[in-house]
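User: I'm new to this one and would like to learn how to read it. Can you walk me through it?

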Amino acid sequence: MPADEVLRPGRDGATVDLVFEPGGGSWPAAALLVLRALVVLPATGVVALPVGVIVVVVAVIIGATFAAAATVCALLWLSGALVLWVLFAVAELRSVRRVQFAPARAPTELRFVLGARTGAWAPISDLRHVRLDESVEEPYEGDPAPAARTLAITVVTSTGGEGPHSAPKGTDADALHRSLEDLLGPAGVRVVRRTERRVRRKPPVPSGGWVYGGSGSANSGGGFSGGG
């Protein structure tokens, strides 16, 4: 993925945005995030269904009516699902979607855009560094699959760190590193890059399988000879 999809001009052209996830910073975006969090409801239903069936069966065995047992289980599931939905929605609303730098050509300020709101501007001097952690899994000898790469971005300020956030799959780490240095270098902000490489583990060779004509054929030299 081109680096300019991660570090790109803001909507009004006055900022440059380091994008972790699209959207955020407005009530319409927040409403969409809350609706997206509804996915937790069917997910909890799938997980809770086997447990609910067991509870209903046990309750009927010990004397409860099926309707009463099913109603209690449904109410418990609904209560739990609603609590999880609220927690999931709050987490979405509080998550940082992007970091904005302004002005676009020579930033002197930055701010964090959350799911539900946009933070206050802070001086660029509060930004300690931006860290790019790249992990490269190299193919083993004879492996037809290409190398796999992942990239995580962490923004470290004087008040703490934000991240790491996973960059979209296929992000060009070299280009992103250069773009960040061009943007933040003049302000004295370091862009640190760390690359970890490892060789992909070779799958084990199957052992102990059935080999046709094994021990029988090995002893065939002393086989039975009939006649008389």
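User: Which strands each supply at least two residues of the lining of the second largest pocket?

Analyst: Keep in mind that this is a predicted model. As for pockets in general, rolling a probe the size of a water molecule over the atoms shows where empty space is left. Here, strand 4 (109–114) and strand 8 each give at least two residues to the lining of the second largest pocket. That pocket has a volume of about 190 Å³. Its lining has 13 residues, and the closest to the centre are L110, F112, A122, T157 and T159.

User: How many residues of that lining are nonpolar, polar and charged?

Analyst: The lining splits into 4 nonpolar, 6 polar and 3 charged residues.

User: Strand 8 came up there. In what order do the strands of its sheet come?

Analyst: Read across the open sheet and you get 8-7-6-9, 4 strands with mixed pairing. Strand 8 (160–166) and strand 9 (190–199) are at the edges with a single partner strand each, so one side of each has no neighbour in the sheet. On average, neighbouring strands are turned by 15° against each other, ignoring direction.

User: And how many bridges join strand 6 to strand 7?

Analyst: There are 10 bridges between strand 6 (residues 127–138) and strand 7 (residues 148–157), and the two run antiparallel. To follow one pairing, start at L127: its bridge partner in strand 7 is T157. T157 is also among the residues closest to the pocket's centre.

User: Which helix packs on this sheet?

Analyst: That's helix 4 (residues 173–184), which touches strand 6, strand 7 and strand 9. Its direction makes about 170° with that of strand 6.

How values were computed. Residues are numbered from 1 along each chain as its sequence is written. This is a predicted model: local features need pLDDT of at least 70, side-chain atom pairs count only at pLDDT 80 or more; totals for chains, interfaces and linings use all residues. Side-chain values use heavy atoms; hydrogens and water are left out. Two strands pair if DSSP finds at least two bridges between them. Axes are lines fitted to C-alpha atoms, for helices over the stretch in contact, and angles run from 0 to 180 degrees between N-to-C directions. Contact means heavy atoms within 4.5 Å. On a 1 Å grid over the protein atoms alone, a cavity is a set of points where a 1.4 Å probe fits but cannot get out, and a pocket is an open set with protein on both sides within 12 Å along at least five of seven lines; lining residues have an atom within 4 Å of a point. Grid points are joined across faces, edges and corners, and a volume is the space filled by probe spheres set on the points. Ala, Val, Leu, Ile, Met, Phe, Trp, Tyr, Cys and Pro count as nonpolar, Asp, Glu, Lys and Arg as charged, and the others, Gly among them, as polar.
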